[in-house]
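Trainee: Please take me through this structure by question and answer, with the criteria behind each term.

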Amino acid sequence: MTRTGGEARRRKLLEEATRLFGKRGFEGTSLDAVATAAGVRKQTLLYYFPTKDALLQACVEETSRRVSEYLIEALDAEASGSRKAEAVVHALFELAEAWPEFAQFIREASRLGTDVIERFAGVLEPLRLRAIGFLANGMQEGSIRRQDPALLLFTLYTAVIGSITEAGVLRAVVGEDQSRLALHRREQEVLRFVRTALAPGEESSSAAG
């Protein structure tokens, strides 16, 4: 087996495992089902991932890495500091539309306990620290309402991720076309929420002046 072929096979296994874990849950997904979906024998899957837990961990790491890279790219592409939060929101909703399996997987994986959540958080930690720094700087400059930046980030995170995981359920219930429209509407609602949460109050404006 060539190195390139092996990497492609591993990626295919992770894609199918992420999809099935999101659709059926961890307990409801067997290694046999993942191997069949990827078009390989179970022994081949076990060569890459000796246990089901190892497969789950790899899915968590790969999903977190892809999300992190996507968000970093969105942040770097937005020159305006005041619009970076909106750029992140748009990027996450765009990713949810292009890769609906990720939203379903996050929803199911988050139910498996703090250990899985901590694995996600570990990969995303540099991005979290960058976001807190951005919020703190904006508060210092008076462009963002003064509040606890870490708590504000958590509030924004739960609003966005909650909406995206809801979209995965919508897709299964009402179909792709209707769920896409609902996702776009939800994005606009979240953007309004974010703008309101970040908008400087009178105290911030006075302090900046």
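**Rings, helices and charges**

Trainee: Which residues form one aromatic cluster?
Mentor: The model is predicted, so local features need pLDDT of at least 70 and side-chain atom pairs count only at pLDDT 80 or more, whereas totals for chains, interfaces and linings use all residues. Residues are numbered from 1 along each chain as its sequence is written, and side-chain values use heavy atoms, without hydrogens and water. Rings of Phe, Tyr and Trp (its six-membered ring) pair when their centres lie within 6.5 Å; planes under 30 degrees apart are stacked, those over 60 edge-to-face, and the rest tilted. The members of the cluster are Phe-21, Phe-26, Phe-105 and Phe-120.

Trainee: How many aromatic pairs are there in the whole structure, and what is the angle between the planes of Phe-105 and Phe-120?
Mentor: The search of the whole structure finds six aromatic pairs. In one of them, Phe-105 and Phe-120 are edge-to-face, with 6.2 Å from centre to centre and planes at 65°. This pair links distant parts of the chain, 15 residues apart: Phe-105 in helix 6 (residues 100-109) and Phe-120 in helix 7 (residues 114-141). To restate the two values asked for, there are six pairs, and the angle is 65°.

Trainee: Over which ring does the charged end of Arg-66 sit?
Mentor: The criterion is that NZ of Lys or CZ of Arg is within 6 Å of the ring centre and within 35 degrees of the ring normal. Lys-52 meets it at Phe-26, with its charged end 4.5 Å from the ring centre. The charged end of Arg-66 is 3.6 Å from the centre of the ring it sits over, that of Trp-99.

Trainee: How many helices are in the protein chain?
Mentor: Helices (H or I, at least four residues) and strands (E, at least two) are DSSP runs numbered from the N terminus. The chain has zero strands, and its helices number ten.

Trainee: Why does the length of helix 4 agree with what is expected?
Mentor: The expected span is 1.5 Å times one less than the number of residues. Helix 4 (residues 52-77) has 26 residues and should therefore span 38 Å. Its end C-alpha atoms are indeed separated by 38 Å.

Trainee: Is Val-89 buried or exposed?
Mentor: Buried means under 20% relative accessible area, exposed over 50%, and partly exposed in between (1.4 Å probe, protein chains only). Val-89 lies in helix 5 (residues 84-98), and its C-alpha is 9.0 Å from that of Leu-71, 18 residues away in sequence. Leu-71 is among the buried residues of helix 4. Because its relative accessibility is 4%, Val-89 counts as buried.

Trainee: What separates Arg-19 from Glu-16 in helix 1 (residues 3-24), and how far apart are their closest N and O atoms?
Mentor: A salt bridge requires a side-chain nitrogen of Lys or Arg within 4 Å of a carboxyl oxygen of Asp or Glu. Arg-19 and Glu-16 are three residues apart, so about one helical turn separates them. Glu-16 is buried at 10% relative accessible area, while Arg-19 is partly exposed at 29%. Both belong to a salt-bridge network with Lys-12, and the closest N and O atoms of Arg-19 and Glu-16 are 2.7 Å apart.

Trainee: Which salt bridge in helix 7 joins residues four apart?
Mentor: Within helix 7, Glu-125 and Arg-128 are three residues apart, and their salt bridge has its closest N and O atoms at 3.0 Å. The other bridge has an N to O distance of 2.6 Å. Its partners, four residues or about one turn apart, are Asp-115 and Arg-119.
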